[in-house]
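Me: Please take a close look at the salt bridges in this model and at what lies around them. A plain account in connected prose would be best.

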Amino acid sequence: MRRSRGAELGRARVAALITSAAVAVSGCSGGGQGGAGGPGKPAARAPGVHSWTGSPCDLLAGAPLTRGFAVGSTTDSADPDAREDIGENGARPRYRQTGCLADLTGPDGTLWRLSTTAAVYEDVGPAHHAYRVKEDLDRAHGRGTERVHDAAYAKPADDQGRPGRTLLLWNGDLLLSVSAYAPYGSKEHEVRDGLGAIVENTARLMEDELRDGDAPSPTPS
């Protein structure tokens, strides 16, 4: 009984730390009330042109993902070869994919997990089509999609009992997916705010770092 109560108190303490971290990051990352996305939400951006990188994990080292969390070991999964996607009307648009798998240390020393995958298409239309297809499939399967803004949505995720959250973002020629997972034994309602802060700030950071500032901004189709 004493051990069980101690575990409950420990989980409550972690939940409080995560909540305070999420509130802090929403205020310092441009997601305040004046932003287009609302509190803690990435603002909708005009479509831009993005570049593929062979070192995606380096993009996570530029700024803290959220207060109290530190990035640990990382693994790049960058594929320089162009892949083909099934587009509209039988078209086979091409894209290149890059991603990063990272360990995160939480405020109390617990181990979290982060995974990012970015597909950079050769054109805007196919990237938008791929985003719509994924969103339609998630809705059709009742996966609890939650709109973040007009070109991004989030959904619950699970990794062998670890509660998680996935955010999918479309912007111009970029289709970006970010997933975060809490420690084993975590309760979803206790870690929800922390997971939300991690995926939303990681998506914002990755999109910013992959954007080619010298390229013109295309119009989405």
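Reply: A residue is called buried here when its relative accessible area is under 20%, exposed when it is over 50%, and partly exposed in between. The model is predicted.

Start with the pair for which that cut-off matters. Arg 147 and Glu 135 form a salt bridge through their side chains, with an N to O distance of 2.6 Å. Arg 147 belongs to strand S5 (residues 146-149) and Glu 135 to helix H2 (residues 124-140), so the contact ties together parts that are twelve residues apart in sequence. Glu 135 has a relative accessibility of 8% and therefore counts as buried, because the limit for that class is under 20%. Arg 147, at 40%, counts as partly exposed. The salt bridge thus joins a buried acid to a partly exposed base. As a general point, side chains of opposite charge can pair when their charged atoms come close.

The total for the model is twelve salt bridges. Another of them lies within a helix. Glu 188 pairs with Arg 192, and the closest N and O atoms of the two are 3.7 Å apart. The two residues sit four positions apart in helix H3, which means that about one helical turn separates them. Glu 188 is partly exposed at 38%, and Arg 192 is partly exposed at 34%. The pair belongs to a network: salt bridges with shared partners link Glu 188 and Arg 192 with Glu 146 and Arg 165.

Some of these network residues also border empty space inside the model. Searching the whole structure turns up one cavity of 30 Å³ or more, and the largest cavity holds about 40 Å³. Its lining consists of Lys 155, Pro 156, Gly 164, Arg 165, Glu 188, Arg 192 and Leu 195. Strand S6 (152-159), strand S7 (162-171) and helix H3 (188-210) are the elements that contribute two or more residues to that lining. H3 has the largest share, with three residues. Sorted by class, the lining has four charged, two nonpolar and one polar residue. Arg 165, Glu 188 and Arg 192 are therefore found in the lining as well as in the salt-bridge network.

A further salt bridge joins Asp 79 and Arg 83, whose closest N and O atoms are 3.4 Å apart. Asp 79 has a relative accessible area of 22% and is partly exposed; Arg 83 is also in the partly exposed class, at 32%. Asp 79 has a backbone role too, as its bridge partner in strand S3 is Gln 97.

That leads to the strands around this pair. Strand S2 (residues 79-84) runs antiparallel to S3, with three bridges between them. Strand S1 (residues 70-76) is antiparallel to S3 (residues 94-105) as well, over five bridges, and Ala 70 is matched there with Thr 105. On to strand S4 (residues 111-121): S3 is joined to this strand by eleven bridges, again in the antiparallel sense. Asp 103 has Arg 113 as its bridge partner in S4. The hairpin of S3 and S4 has five residues between its strands, and Gly 109 takes a positive phi near 90 degrees in that hairpin.

Terms used: Residues numbered from 1 in each chain as written. Predicted model: local features only at pLDDT ≥ 70, side-chain atom pairs only at ≥ 80, totals over all residues. Heavy atoms only, no water. 1 Å grid on protein atoms, 1.4 Å probe; cavity = no way out; pocket = protein on both sides within 12 Å on 5 of 7 lines; lining within 4 Å. Points joined across faces, edges and corners; volume = space filled by probe spheres on them. Nonpolar A, V, L, I, M, F, W, Y, C, P; charged D, E, K, R; others polar. Salt bridge = Lys/Arg side-chain N within 4 Å of Asp/Glu carboxyl O. Buried < 20%, exposed > 50% of the residue type's maximum accessible area, 1.4 Å probe, protein only. Pairing = 2+ DSSP bridges.
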